[in-house]
Amino acid sequence: MLPILLSVACLVFVGALLAAERAGRPVLAGTVKTMASLCFIALALVLGALSTTYGTIVLVALVLSALGDVALASDRPAAFMAGLGFFLLAHIAFSVAFAQAPWSWGALATAAAAMAVVGALSLRWLWPHLGAGFKGPVLAYIVAIMVMCALAIAFAGATGRWLPAVGALLFAASDLAGARQAFVARTFLNKAWGLPAYYVAQLLMAWSVAGAA
């Protein structure tokens, strides 16, 4: 029952976060955003994340994601770069977790090819909007996202556990919403779908530690 309550609480905080963002109340938004992030960390712990290597690495990735959430609660450029760095490390940590499975090289190659196309299209879309100081970090970030998604899909194909793959793809989608907000067009619509996609992604990653070998 506790894992379900934590999941529901996370989604309730996300609803409050969207309301606070819509109302232009940054302090409240930062508070409920932190609470939502603490919920997915607590969920992973309750589900036994520390009892397996996979779960422990996923927990590290979730903590890094939460730190990214806290950093991005501020509009300062330094905070944005810190948030980008934390999320980059989170993607790398998730990739390490997914690499634990004895996945098929064929499945990985297929997934990597598909993700390379998505990454190239995303970069082409964003590139004209990036300042010189952001081009390198954003390129590295997109590569990390695509690697994470490819490994998550290969992991799912090898283990039959699809929660991480769905979570990884939702995480990538939420990153696109965040990129549009940061570099292309600042509008509440980006947050309206990007934030729910992000938190559902983290919840799915947390639930994936249940029953992990």
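**Entry 1. Overall fold**

I began with the secondary structure and found that the protein has eight helices and zero strands. I note here that the model is a predicted one. Reading along the sequence, I wrote down the pattern α-α-α-α-α-α-α-α.

I then looked up the dimensions. The C-alpha trace spans about 45 × 40 × 25 Å along its principal axes. The radius of gyration is 17 Å, which agrees with the value near 17 Å for a compact globule of 213 residues.

**Entry 2. Burial, contacts and surface**

I recorded that 46% of the 213 residues count as buried. For contacts between residues at least 6 apart in sequence, I found that 73% join residues at least 24 apart. The accessible surface comes to about 9,800 Å², and carbon and sulfur atoms account for 74% of that surface.

**Entry 3. The nonpolar patch**

I next turned to the surface itself. A nonpolar patch of about 850 Å² is formed by Met-1, Leu-2, Ile-4, Leu-5, Val-8, Val-12, Val-46, Leu-163 and Trp-207. Which helix gives the largest share of the patch? I found that helix H1 (residues 2-23) does, with five residues.

I also looked up one patch member, Leu-163, and placed this residue in helix H7 (residues 163-184). Leu-163 counts as partly exposed because its relative accessibility is 37%.

**Entry 4. Phe-13 in helix H1**

I stayed with helix H1 and examined Phe-13, which is found there. Its relative accessible area is 24%, so I entered Phe-13 as partly exposed. Setting aside neighbours within four places in sequence, I listed Val-32, Met-35, Ala-36 and Cys-39 as the contacts of Phe-13. I also checked the separation from Tyr-199: Phe-13 and Tyr-199 are 186 residues apart in sequence, and their C-alpha atoms are 10.0 Å apart in space.

**Entry 5. The salt bridge**

How many salt bridges does the count come to? I obtained one. The side chains of Lys-191 and Glu-21 form a salt bridge, with an N to O distance of 2.8 Å. This pair links distant parts of the chain, since Lys-191 is in helix H8 (residues 188-207) and Glu-21 is in helix H1, 170 residues apart. I noted the general point that side chains of opposite charge can pair when their charged atoms come close.

Are the two partners buried or partly exposed? Lys-191 is partly exposed because its relative accessible area is 23%. Glu-21 is likewise partly exposed, with a relative accessible area of 25%.

**Entry 6. Gln-181 in helix H7**

I followed Lys-191 to one of its neighbours in space. Gln-181 is in contact with Arg-186, Thr-187, Asn-190 and Lys-191, leaving aside residues within four places in sequence. The place of Gln-181 is in helix H7. I entered Gln-181 as buried, because its relative accessible area is 12% and the cut-off is under 20%. Where does the polar part of the Gln-181 side chain lie in relation to Thr-187? I found a polar atom of this side chain 2.9 Å from the backbone nitrogen of Thr-187.

**Entry 7. Asp-175 in helix H7**

I then looked up Asp-175, which also lies in helix H7. Asp-175 is buried, with a relative accessible area of 14%. Beyond its neighbours within four places in sequence, I recorded contacts of Asp-175 with His-91, Tyr-141 and Ile-145. With Tyr-141 there is a polar contact between the two side chains, at 3.0 Å.

As a check on separation, I compared Asp-175 with Gly-157. The two are 18 residues apart in sequence, and their C-alpha atoms are 24 Å apart in space.

**Entry 8. Ser-122 in helix H5**

My last lookup was Ser-122, which has its place in helix H5 (residues 105-126). Is Ser-122 buried or exposed? I entered this residue as buried because its relative accessible area is 10%. A polar atom of the Ser-122 side chain lies 2.9 Å from the backbone oxygen of Val-118. Not counting residues up to four places away in sequence, I found that Ser-122 touches Ile-142 and Leu-176.

Definitions and conventions. Residues numbered from 1 in each chain as written. Predicted model: local features only at pLDDT ≥ 70, side-chain atom pairs only at ≥ 80, totals over all residues. Heavy atoms only, no water. Helix = DSSP H or I, 4+ residues; strand = E, 2+ residues; numbered from the N terminus. Buried < 20%, exposed > 50% of the residue type's maximum accessible area, 1.4 Å probe, protein only. Polar contact = N/O pair within 3.5 Å; in protein donor to acceptor, adjacent residues only side chain to side chain. Contact = heavy atoms within 4.5 Å. Patch = residues over 30% accessible without salt bridge, like charges linked within 9 Å, V, L, I, M, F, W, Y side chains within 5 Å. Areas by Shrake-Rupley, 256 points an atom, 1.4 Å probe, with all protein chains shown as cover. Salt bridge = Lys/Arg side-chain N within 4 Å of Asp/Glu carboxyl O. Rg over C-alpha atoms; globule rule 2.2 N^0.38 Å.
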